[in-house]
Amino acid sequence: MTVEFWWQQATAPLSAETQQQALERQSQLTKPPGSLGQLEDIAVAFAAWQGQVKPQINNPQCVVFAGDHGVVAQGVSAFPQAVTVEMLKNFVAGGAAISVLARFHTMGLSVVNCGTAFPADQLSGVIQRAVMSGTNDFSQQAAMSNTQALQALQIGAEQIDRLHGEGCDLFIAGEMGIGNTSAASCLSALLLKQDVNALVGPGTGVQGEALSHKQQILAQSCERARTLADSPLAALEQLGGLEIAAMAGAYLRAAQLGIPVLVDGFIASSAALLAVQLNAGTRDWMLFGHSSAEPGHRALLTALDGKPLVQLGMRLGEGSGAAVAVGLVQQALALHNQMATFAEAAVQSGN
Ligand SMILES: Cc1cc2ncn([C@H]3O[C@H](COP(=O)(O)O)[C@@H](O)[C@H]3O)c2cc1C
Ligand SMILES: O=C(O)c1cccnc1
């Protein structure tokens, strides 16, 4: 295959040898085979990723990518657009949900401005990478140009290059952007070739007539873009978001550099599907943190064949659903690494 774009380069290989050795170790631990369920699968996956029979996570990192959405002019969110930048301040000040969870798990947290409608360039502690002042209103025209889409994908890759240099061994992409359930719904509809109305949900709390209005605007937007979006990249340009593009770029580069990712909810999974459609090998490096209450998430998880670790009725984004699952991943590795074998504990094994 000719490589036209950076994301088409091969993703990192998995170690079949340490995967096999980890499976054998699981069969020798003092428990009935399979009794730790998905926790066993996580440990074996990390063994294959790290090329170590006893894998460890020492440096988990979360990056929240922020971007605004022109389509909010159509009244598709329950909150005003100014909240995107207001929340950027809150992330840095330590008061947002993801700030608390990052502290709780001793996980690094970075915040990247990919392009907001209100000024954010003076905010200290925010990595400034604005591509444009929020996307165009995609009910009327393409959300972004091809050049802007490529730039936004690159923002995510650049963050992974930085974190790889710092020894990151588990990555979470979070997002903030009023209106981004609309972008995620439309992008997913095109990528899944599904009716957008099956994917649209309340987001920040849009209900009743306002939800019908959101559905109508998003159906019109998909109709406008359908013939123009003849590739995953074109779908991103037509109906995506800057932060969604950056998340996809981050997933793509993480898979190339061999960093496992824990995917968050609906928005993150739309970026994950985009990444997998741009390079199928990206899927090999993904775990799924939770099942979001946003209805469209189920279709994305099905398409990605992802088994979420928890279902808590969360519908926040920011990377929060993946962050709560970090503790489960850490427990899976602790059990795998520290449990005694039948021989060590002098316990009789089954037949
Ligand atoms: C205070 C606040 C904090 C948030 N943190 C994440 N989101 C989430 O809600 C937004 C998407 O929902 P919609 O498409 O309905 O606007 C995104 O910013 C997402 O990250 C938030 C939303 C609000 C209001
Ligand atoms: O699941 C998500 O990512 C989500 C759901 C609602 C609002 N914001 C994000």
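Q: Where does UniProt place the feature "active site"?

A: The unreviewed UniProt entry puts it at Glu318. Keep in mind that we're looking at a predicted model. In that model, Glu318 sits in the loop between helix H11 (297-304) and helix H12 (320-338).

Q: Is Glu318 buried or exposed, and how do I tell?

A: Count the neighbours: a residue is called buried if 20 or more other C-beta atoms lie within 10 Å of its own. Glu318 has 28 other C-beta atoms within 10 Å, so it is buried.

Q: Which residues does Glu318 touch?

A: Leaving out residues up to four places away in sequence, Glu318 touches Val64, Ala96, Ala97, Ile98, Gly174, Glu175 and Met176.

Q: Now the ligands. What surrounds ligand 1?

A: Start with the shell of residues around it, then ask which elements supply them. Ligand 1 has 19 residues around it, and the closest are Ser77, Thr181, Gly203, Thr204 and Gly317. Helix H3 (83-93), strand E4 (170-176) and helix H6 (180-192) each give two or more residues to that shell. H6 gives the most, with 3 residues. By class, the shell holds 8 nonpolar, 9 polar and 2 charged residues.

Q: And which residues come nearest to ligand 2?

A: Those are Gly265, Phe266, Ser292, Arg315 and Gly317, out of 14 residues around ligand 2. Here helix H10 (residues 266-278) provides the largest share, 3 residues. The class split is 4 nonpolar, 7 polar and 3 charged.

Q: Back to H6. How do I read a helix like that?

A: Think of the turn first: an α-helix has 3.6 residues a turn, so residues three or four places apart point the same way. Then check length and burial. H6 has 13 residues and reaches 18 Å from its first C-alpha to its last, close to the 18 Å expected at 1.5 Å a residue. As for cover, 12 of the 13 residues of H6 are buried, including Thr181, Cys186 and Leu190.

Q: What do the buried residues of H6 pack against?

A: Their partners are E4, helix H7 (208-225), helix H8 (232-239), helix H9 (242-257), H10 and H11. Just after H6 comes Lys193, whose phi is positive, near 55°.

Q: Zooming out, which domains does the domain assignment give?

A: Domain 1 covers 15-25 + 34-55, and domain 2 covers 60-334. Taken over C-alpha atoms, their centres are 29 Å apart. For the contact between them, 8 residues of domain 1 meet 9 residues of domain 2. On the domain 1 side, the touching residues are 7 nonpolar and 1 polar, with no charged ones.

Terms used:
Residues are numbered from 1 along each chain as its sequence is written. Chains are lettered from A and ligands numbered from 1 in the order in which they are written. This is a predicted model: local features need pLDDT of at least 70, side-chain atom pairs count only at pLDDT 80 or more; totals for chains, interfaces and linings use all residues. Domain bounds come from an automatic or database domain assignment. Two residues are in contact if their C-beta atoms, placed from the backbone, lie within 7 Å. Ala, Val, Leu, Ile, Met, Phe, Trp, Tyr, Cys and Pro count as nonpolar, Asp, Glu, Lys and Arg as charged, and the others, Gly among them, as polar. A residue is near a molecule or strand if its C-beta atom, placed from the backbone, lies within 6 Å of it. Helices (H or I, at least four residues) and strands (E, at least two) are DSSP runs, numbered from the N terminus. UniProt positions are given in the numbering used here, feature names are shortened, and annotations may be inferred rather than shown by experiment. The expected span of a helix is 1.5 Å times one less than its number of residues.
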